[in-house]
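Biologist: Please take a close look at the salt bridges of this model. Which residues pair up, and where do they lie?

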Amino acid sequence: MASLLLRQRRVSALGVSRILQDNGDSFRLRLESKFETFASIGVMIRKYSSGKSAAKFDFTDLTCPHTWYPNARKKNRKVFLHVGPTNSGKTYHALKRLESSPSGIYCGPLRLLAWEVSKRLNKAKVPCDLITGQEKEEVDGAKHKAVTVEMADVTADYDCAIIDEIQMLGCKTRGFSFTRALLGIAADELHLCGDAAAVALIQELLKVTGDDVQVESYERLSPLVPLEVPLGSFSNIRTGDCIVTFSRKEIYQLKKRIESRGKHLCSVVYGSLPPETRTRQATMFNDTSSEFDVLVASDAIGMGLNLNISRVIFSTLKKFDGSEMRDLTVPEIKQIAGRAGRYGSKFPMGEVTCLDADDLPLLHSSLKSPSPILEQAGLFPSFDLIFMYSRLQPKRGLYQILEHFIENAKLSENYFIANCEEQLKVAAIIDELPLRLQDKYLFCISPVDMNDEISSQGLTQFAENYAKKGLVHLREIFTPGTLQVPKTHSALKELESIHKVLELYVWLSFRLEDSFPDRELASSQKAICSLLIEEFLERLGWQKPTSRRLTSSATLNSLIANKRRHYLCD
């Protein structure tokens, strides 16, 4: 199917792996303001131009990143660290403070979380904009924003700000975005929500900023009980269960095994599903009147979805992390297991177990253990730094500049440089095109999955067309009106890849609006992808559809037909 949808398909010359982890939003940055990183970049340029001073200025010195954000340093920020386990109410208390503030910003690790917060504030009559890498919904009179952390504006002033899942500043790939928000957001009150493992590091990082730091600890609101016995037979599956596994193939195999018994229907949630589809699958599972009363999911449930789970069942405690098969870490096990039992839901008490009895000792020991203390926070060079550094090496491409910069970067003991192996792979491809450094940097930080052949080809074709004409029409790579409900798992995977290409186009359209003018068309086709994927998931059920489900399918087909007619006539 994909060969009919994507024109001029071409395999990349490099063997490349995943550039972004969804659960994502990894490396979804916008190009930062020219004055964000340095208060006196004009002085730097003059020093560089003077010749003698250029050699003395070390652009690779990243030892004092707190000085990059002069707007935040002007404030005597009150920092509140809300720390505790999953389902402890820590984020709830921070959000109540945000809701009552004259202005504010919420920064979350996922689009789903930003969407949820914007919906909550608007419902509470607090106008709130939603800004992520792929969407921008502005509300009249809004003085509040809900954003993915990479989109945090460090040039604006706020009364109140929240950074959710702050322990992610230690993430090898995305940690730098949380560090940037922590050091750079100019707010009178800064609320940090996350694991207690981040407390000591944050206190150390903020010693030099003059901020007043206060720690508030929370206990879990509902009990989480690790069971002493494994699940045993699949006949023991019950309503409210969530089976967790770590491969797409295994998710569908488990769904088939459970549904073949004729007692339950399963919703599914995993990383490569479109966010809209994940939300609808979760909604069906949460709906007590729905037939979909069991969830089969990956670790994508760890953050971003409110789920009414009674019992989490690990099918395995091992996962492939891109390079090797390894045991889950203590934080990963606690994050996933903690989704069982939700305060105020049908299942206030949570239980957790495994399919295999051999996994129980690791499960029990992990739940009793504190998360390892974070020792370092991530950093990554902004475009400003790369641009200034490139002036010293005018004949080098972005790949060589970025590689050389990272090799020579000077860091304090509290920081590490983010893993940019995948960005280097993108840079190696983009360097072959006649593009400005700024454009190359933009393509490198885009939400492309380079481990996905169709997604990587989409990026390559977008970049090639942009380099040739400065204008990229969606129809040059994608044929609207040809999307269909997939009939096989292979076709489903291809449709998920098409969704990634359309999402990439939308992302680029927000940053190069004149050159990528078909955002509305891409968004509509992306929505159709989500609906078709969900239709496949519903048809995959082993029980005969009821009249309610048939009505849903009829509505879906009508929506798809209407969208096709509208956009094919444009």
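Modeller: This is a predicted model, and one pair to start with is Lys-425 and Glu-422, whose closest N and O atoms are 3.5 Å apart in a salt bridge. The two residues sit 3 positions apart in helix α15 (residues 421-430), so about one helical turn separates them. Both Lys-425 and Glu-422 are buried.

A salt bridge also links Arg-238 to Glu-351, with 2.4 Å between the closest N and O atoms. Arg-238 belongs to the loop between β9 (224-226) and β10 (241-244), whereas Glu-351 is part of strand β16 (residues 350-354), so this pair ties together parts that are 113 residues apart in sequence. The burial of the two partners can be given as well: Arg-238 is partly exposed, at a relative accessible area of 34%, while Glu-351 has 15% relative accessibility and counts as buried.

Asp-431 and Lys-440 form another salt bridge, their closest N and O atoms lying 3.2 Å apart. Here Asp-431 is the partly exposed partner, with a relative accessible area of 21%; Lys-440, at 10% relative accessibility, counts as buried, because the cut-off for that class is under 20%. Elsewhere, Arg-111, Glu-135 and Glu-503 are joined into one network by salt bridges that share partners. In total, the structure holds 28 salt bridges, among them the pairs described here.

Methods: Residues are numbered from 1 along each chain as its sequence is written. This is a predicted model: local features need pLDDT of at least 70, side-chain atom pairs count only at pLDDT 80 or more; totals for chains, interfaces and linings use all residues. Side-chain values use heavy atoms; hydrogens and water are left out. A salt bridge is a side-chain nitrogen of Lys or Arg within 4 Å of a carboxyl oxygen of Asp or Glu. Helices (H or I, at least four residues) and strands (E, at least two) are DSSP runs, numbered from the N terminus. Buried means under 20% relative accessible area, exposed over 50%, partly exposed in between (1.4 Å probe, protein chains only).
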